[in-house]
Amino acid sequence: METVKIDIVSDVVCPWCYLGKRRLDQAVANVTGEILVTIQWRPYQLNPDLPAEGVDHKRHLAAKLGGQDAVDRAHKTLEGLGREDGIDFNFDAVKISPNTLDAHRLIRWAATNGEEAQAEVVRLLFKANFEEGRNVGDHAVLLEIAEEAGLDGPVIAALLTSDADKESVKQEIDVAREMGVSGVPCFIIDQQYAVMGAQSVDVLTNALREIAQMKASGLAH
C-alpha cells in the first residue's frame, strides 16, 4: 500500500479551509484500504496584523469584502456549501475576528500527541469559530478545546501564557508564502504537488489515487 503525505496550509478562521477539511476527510475515507494517507496541519494567517484581543467581526469583514451586501452574499453561498458537507455555518454567532497565532501554536503542540490529536484540535477550532461563535483567540477557549481533544491542560495553559513557538509558527507561515502560497486551503501532497482551494471530494480523491499510482510505478517519490 502506498503512503501519501499531505501538508495542509490553513487558517482556522477561513471558512473554505473548514470545507476543505470536510471534503478531504471524505476523500481519505474513499481511499481507505488502498492508500495510507498521513496529514500534517500547517499554519497560515489571513489577518496576521489583528491585535491579540481581536476586532469586531462584522465591521472587519464588511471592510475586507467591500460592504455588508458582499458579506451576506458570501455567507449565503458558504451556508449552502456547508449544508452539503455537514457543516452548520452560523455566521451571525461570530462576534470577534481573532488573531489566530495562538490557535496555530495549539495545533502545533497537538501534533506531539499524534496525527489524530492534531486533527481533533483542528476540527474543534473550526467548529468553535464557525458553528458556536466562540473566540478562538481567547486562551480560555483554546484551553477548553485542548482538554476536549485530550491534551494536558496545565501544560497547554502554561505554554499559552509564554511565547513558546510564536516565532516558529511565524517562520513557517513565511516559508509557505515564499513557496507561493497566497491563499488557503492549500494541500501540499508529498512535498511535490499543490492542490489549491476547497476542491470537491472527487478532485481530492482522484488526486490521491493518481499520485499513489505514480509512486507505485516509480514516477513519483
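Here are a few questions and answers on helix α1 and two pockets of this predicted model.

Q: What makes residues 15-31 count as helix α1?
A: A helix here is a DSSP run of H or I with at least four residues. The run at 15-31 has 17 residues, so it qualifies as a helix.

Q: How do you know what span to expect for α1?
A: You take 1.5 Å times one less than the number of residues, and for α1 that expected value is 24 Å. From first C-alpha to last, α1 reaches 25 Å, close to the expectation. Following α1 comes G33, with a positive phi near 100 degrees.

Q: Why are P15 and V31 of α1 called buried?
A: Buried means under 20% relative accessible area. P15 and V31 are in that class, along with C17, Y18, L19, G20, K21, R23, L24 and A27. The cover over the buried residues of α1 includes β1, β2, α3, α5, β5 and α9.

Q: What makes V13 a lining residue of the largest pocket?
A: A lining residue has an atom within 4 Å of a pocket point. V13 is one of 23 residues that line this pocket of about 480 Å³, and V13, C14, P15, L46 and L61 are the closest to its centre. The largest share of the lining, five residues, comes from α2.

Q: How do the residues lining the second largest pocket divide by class?
A: There are six nonpolar, one polar and three charged. Asp, Glu and Arg count as charged, so D7, R42 and E172 of the lining fall in that class. This pocket has a volume of about 200 Å³, and α8 gives the largest share of its lining, three residues.

Technical notes: Residues numbered from 1 in each chain as written. Predicted model: local features only at pLDDT ≥ 70, side-chain atom pairs only at ≥ 80, totals over all residues. Heavy atoms only, no water. Helix = DSSP H or I, 4+ residues; strand = E, 2+ residues; numbered from the N terminus. Buried < 20%, exposed > 50% of the residue type's maximum accessible area, 1.4 Å probe, protein only. Contact = heavy atoms within 4.5 Å. 1 Å grid on protein atoms, 1.4 Å probe; cavity = no way out; pocket = protein on both sides within 12 Å on 5 of 7 lines; lining within 4 Å. Points joined across faces, edges and corners; volume = space filled by probe spheres on them.
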